[in-house]
Each structure stands twice: as C-alpha cells, then as structure tokens.
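Colleague: Could you take me through one part of this model in detail? I'd like a close look at the place where the two domains meet.

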Amino acid sequence: MTRLSRSLPGMPAAAPVRIVHLGVGNFYRAHAAWYTHHAPDAAAWGIAAFTGRRPDAAEALAPQDGLYTLVTKGAGGDATEVIGSIAAVHRSDEHEAYLGYLEDPAVAVVSLTVTEAGYRRADDGTIDRADRAVAADVAGLAGDPRAAVTTAPMKLVAGLLARRAAGAGPIAIMSCDNLPDNGAAVRAVVLSAAETVDPALVAWIEQNVDFASSMVDRITPATTDEDRALVRESIGAQDASPVPTEPFSEWVISGTFPAGRPQWEAAGAQLVEDVEPHERRKLWLLNGSHTLLAYAGSIRGHATIDAAIADPACRGWVEQWWQEAERHLGLPHEEISAYTAALLDRYANARVRHLTAQIAYDGSQKLPVRTVPLVRAERAAGNVPVGGATTLAAWVLHLRGEGAPIHDATVAKAQAAATSGDLATAVPAVLDLLGLGGDDELTTAVLTQVDAIHA
Ligand code: CS2
C-alpha cells in the first residue's frame, strides 16, 4: 500500500520552518502541532521537529514528509485527520541542522516537550552540574560552541550561542511540559546553563529571549498496531506513526513572542496574562490524580486508567484528592466540579487505553511537582490528606517492586529509601526525601493507605 506523503492528492505542502521543536513524541503531535496545523496562517508556519533520545519518530516520519494521522477516540467512534504542520523531521543528533535553524531570523519559536526529567534541574531549579551528560555538554561547548550536545538545556544554550553569533535577533522559547510556571522554570535552568558556558550570553538572553509559559492538556497514549491498521483503512495509505488521542484539548499560553507566532488562538488556544492558575488546576487535578491511579491502580491489577477509575476504591481516593486540591486552588467550586466531572468522563474513555505503566514513568520527577505541593499545603492547614497519602503510599509500594515496573533515571535515592527496611522504616525515609519528613501524623496516614491499597 502507498505510504502517506505530501505527493498524495489533497495533502498540504510543507510550510517554511519558523518553529523548532525538541522532543517530537505523541503528546506534541496530538497537541501543539495540531493547533499549528489549524491556525489560519498555517501555510507560513512550518515546524522542524527533533526527536528526543530515541530516533524512532524521525525514522517513521521522514519517509512520509512529516505527515501523520491524528486518531481522535471519542465515545462514539474514531475520527482521523492528517496533520501537515511538521515540515521537517530530524534525529536529535543532527546538531548542525538544529543550529542552522536557530541562525535563521525567520525562526521565531523553540518549543519543548522533553518531560519533567529532560530539564536536568537541581533541587534549586538551576542546571544540575552533577549530571554527567550536563557536565559533558559543558565541557564540549567550552571548547567549541558548535560541539554536539545531548541535554535539552544545553541544546537551548548552543542554539542561542549560534543565534547571537548570527545576529538573528530575539526569539521565544516555550515549554509544553508539566512543570509549574514552566516558562520561569526553563528560564532559570537556561540562564544557569549559559552561565557555565559563556557568562556574557546571560545578558544577551535576558534582552532577546522570551520564556513563554504554557499549559497543555490532552491525554495521549502510545500508538498501537491497531491504530496503524485503523488508519490504513481510513485514509487508504500507510502511516507508520499515527497518534491516538482523546477529544478533549486545552492549551493556555502566555508570552510576548518577540519574533512572532502562529495565530494559535484562532485554532482554540487561549492567550492569557498568567498561566499559573490554569497550570496548577491541571497539574493537581489531572496529573496528580493520574499519578495516584498509575501506582495505586497498577498495584491493584489495573493496566489502564479506565480500569483503575472503574475500581470504586481508586475512584474514592481520586475524589478525596480532588477535595483536598479544591481547598487550595482558590477557584470557584463550579469551575472545579465541571473540570473534575469532565475528567471522570475522560478517564472512563476505554477507547483511549492509557496505560498506568506509562504514567508511572519518572515518579521521582513527577511527585515533587504534582503531589507534594498539595500535601504540604494540606499539612500546613492542619489537615491529613487521605488522597495525597494514598499516592505517597502507592509510590513507596511501587518503589518496593509492586505494580507498574520502575522506569525512572533519577530514582536511586528514593528507591534506596523505600527499600531500606520494613514499611514502618521505609515510609518515613521516603517522606523525608520528599521534604515531608518528621511528620508522624502523615506517616501514620500513609501506612494506613498502604493497607487500604492492599485491601
Ligand atoms: C500524565 C500526562 O504521563 C503522565 O504523567 O499525567 O502525560 C497527562 O496525560 C497529560 O499531561 C495530559 O495533558
């Protein structure tokens, strides 16, 4: 069967590259690439997409000219649509190509979906100099500003060095990852990374780079062979890498975009002054409950989110977590209940098949931003949060080998704490590591939830 390509009838031509994206996984292709495709000025805004650690997406997408099919899995059936906004695809190691884009004044935005772990942040939010890959990148750039680098913060620094040298002018960097205040978070990590390589770059960045913030919300599982077969049937061409997703989608952005941007708002994105309240709502209500379900659900034998939320115990804990969140979000009750009611429907959508094991990835990076801040707020208010304690209990059990397999590059300390003795020792050790130590009431609540999860 014919492979999907731009030479097939009705396919859009590739737009000139004005956006560079780092980390072209399913999530980006279900989300920001879709909005760019649907912007009224899409013909002027092509994306050059670089893969993350694995070259798979470049290998699948390059032979089909960057095109792919988005499969929206609604309760009533699947809708397929070919997305054309990715004009060029590259492996992450095609560094000269990357620098070439940054040297082009027409390139106006660098966006990122590199996951929480990809930012290589130390506890204080600056670049983690102890990280071996970071150290190698620093050494490389110190000798040659065009040396190949592998970490996301150093890719940004290398790109900005090239842009400054080329006199290509201001640019926006926009994170689409689940970090609170992600624009400020990326700014802190990039400025500290620049400092290690070329202190003069710091002032240039301050004058020329807009660190836009964005909250992205669309549940996107991994592609299955079933998706490939369905797409073959539906579009009459072979797509090696279609993207399944859910009907719901939300994108909230704030930034000045000094070199321009597509009219994303005309495709449904919201441009706001302050993304923070939106980000917190999504991180706590969605991502926080996802993490609860990923660990507690997988321990109770559920492979997918729809199965986990159908378990009355899991659903009860999620609802408790949402009540805990409501006390600290400072949003109208109606807004929260509308969002959580929609979440229950989204989670129950069995056609999405979102794996608990996928969400269980990288817990050591995720819990500190989506779970711990709310637990801390609850404790400061004198409450014992049962929902939060359930996530903590489930994570300790996961680190001790229960439920979804561990897949987390920065888990060593937490895993050592979790396996340091029996649960009565392990729980306070892990809480301590999360900055929740010395709290007997919380420890007791977590131990009680260990039993509840096993019940
Ligand atoms: C999930 C997110 O894997 C995870 O950690 O919580 O990827 C979630 O599906 C997205 O943030 C939804 O927008």
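Modeller: Sure. Let's start with the spacing: the C-alpha centres of domain 1 and domain 2 lie 28 Å apart. Bear in mind that this is a predicted model. The domain assignment runs domain 1 over 17–274, and domain 2 covers 278–454. At the contact, domain 1 puts in 32 residues, while domain 2 supplies 22 residues.

As for area, the size of an interface is often quoted as the accessible area lost when the parts come together. Here domain 1 and domain 2 bury about 2,100 Å² between them, and 54% of that falls on carbon and sulfur atoms.

Now the polar side of things. Five salt bridges link domain 1 and domain 2. If you want a pair to click on, try Asp 217 and Arg 346: their side chains form a salt bridge with an N to O distance of 2.7 Å. Counting polar contacts between the two domains gives twelve residue pairs, with both partners at pLDDT 80 or more.

Which elements carry the domain 1 side? Those giving two or more residues to the side that touches domain 2 are strand 3 (68–74), strand 4 (77–83), strand 8 (209–217) and strand 10 (250–254). Strand 8 has the largest share of that side, with four residues. Sorted by class, the domain 1 side that touches domain 2 comes out as 13 nonpolar, nine polar and ten charged residues.

How values were computed. Residues are numbered from 1 along each chain as its sequence is written. This is a predicted model: local features need pLDDT of at least 70, side-chain atom pairs count only at pLDDT 80 or more; totals for chains, interfaces and linings use all residues. Side-chain values use heavy atoms; hydrogens and water are left out. Domain bounds come from an automatic or database domain assignment. Contact means heavy atoms within 4.5 Å. Buried area is the accessible area (1.4 Å probe) that two parts lose on being put together, summed over both. A salt bridge is a side-chain nitrogen of Lys or Arg within 4 Å of a carboxyl oxygen of Asp or Glu. A polar contact is a pair of N or O atoms within 3.5 Å; within protein, one must be able to donate a hydrogen and the other to accept it, and residues adjacent in sequence count only if both atoms are side-chain atoms. Ala, Val, Leu, Ile, Met, Phe, Trp, Tyr, Cys and Pro count as nonpolar, Asp, Glu, Lys and Arg as charged, and the others, Gly among them, as polar.
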